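Good morning, and thank you for making time on the agenda. I should like to take the group through one structure, beginning with a question about a single side chain and then widening the view.

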Amino acid sequence: MPDVDEGSPEQREDRREDQQETEAERRRRRARFLRELTEARELRDRVQPRRARTARLRHAMRMRTFRW
């Protein structure tokens with residue numbers, strides 16, 4: 001297996017800084033993504049009510065037939 005070049009010391013330091021701040025930043029990005037996803041779903045439900053109704057009925061059927 002070939003040796004992996006980790007890059008210059010500056011690049012390694014940048015990676016360490018990125019890893020240190022990733023947890024909080026990742027949570028913020030994830031929360032923003034989920035908010036936008038929910039907003040997009042709500043918009044789609046308003047724009048296509050028949051499709052939304054069908055999706056709700058399908059989901060209800062899946063939940064009824066799901067066995068614990």
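Is Glu 25 buried, partly exposed or exposed? Before I answer, please note that this is a predicted model. Glu 25 has a relative accessible area of 25%, and it is therefore partly exposed, since the buried class is reserved for values under 20%.

Let us stay with this residue and consider its partner. Glu 25 forms a salt bridge with Arg 28, with an N to O distance of 2.7 Å. Both residues belong to helix 1, where they sit three residues apart, and so about one helical turn separates them. Arg 28 is exposed, because its relative accessible area of 51% passes the cut-off of over 50%.

I turn now to a second group of charged side chains. Which residues are joined into one network by salt bridges that share partners? They are Glu 23, Arg 26 and Arg 27. Glu 23 is bridged to Arg 26, and the closest N and O atoms of that pair are 3.3 Å apart. Glu 23 also meets Arg 27 in a salt bridge, at 3.4 Å from N to O.

The positions along the chain deserve a remark. Arg 26 and Glu 23 are three residues apart in helix 1, which covers residues 9-47, so about one helical turn lies between them. Glu 23 and Arg 27 are four residues apart in helix 1, again about one turn.

As for exposure within the network, Glu 23 has a relative accessible area of 38% and is partly exposed. Arg 26 is likewise partly exposed, at 39%, whereas Arg 27 is exposed, at 52%. The count of salt bridges in the model comes to three.

Further along, there is a surface feature of another kind. Glu 36, Glu 39, Glu 42 and Asp 45 form a negative surface patch. Of these, Asp 45 lies in helix 1. Asp 45 is partly exposed, with a relative accessible area of 35%, and because patch members need over 30%, that value admits it.

Let me now step back to the overall architecture. The protein has two helices and zero strands. Helix 2 comprises 17 residues, numbered 49-65. From its first C-alpha to its last, helix 2 reaches 24 Å, close to the 24 Å expected at 1.5 Å a residue.

Why can helix 2 be described as lying largely in the open? The reason is that, of its 17 residues, the number buried is one.

The totals for the protein complete the picture. Of its 68 residues, 1% count as buried. The accessible surface comes to about 7300 Å², and carbon and sulfur atoms account for 50% of that area.

That concludes my presentation, and I shall be glad to take comments.

Technical notes
Residues are numbered from 1 along each chain as its sequence is written. This is a predicted model: local features need pLDDT of at least 70, side-chain atom pairs count only at pLDDT 80 or more; totals for chains, interfaces and linings use all residues. Side-chain values use heavy atoms; hydrogens and water are left out. The expected span of a helix is 1.5 Å times one less than its number of residues. Buried means under 20% relative accessible area, exposed over 50%, partly exposed in between (1.4 Å probe, protein chains only). Accessible areas come from the Shrake-Rupley method with a 1.4 Å probe; for residues, only the protein chains shown count as cover. A salt bridge is a side-chain nitrogen of Lys or Arg within 4 Å of a carboxyl oxygen of Asp or Glu. Patches are made of residues with over 30% relative accessible area and no salt bridge: like charges are joined within 9 Å, nonpolar side chains (Val, Leu, Ile, Met, Phe, Trp, Tyr) within 5 Å. Lys and Arg count as positive and Asp and Glu as negative; His and the chain ends are not counted. The place of a charge is taken as NZ of Lys, CZ of Arg, CG of Asp or CD of Glu.
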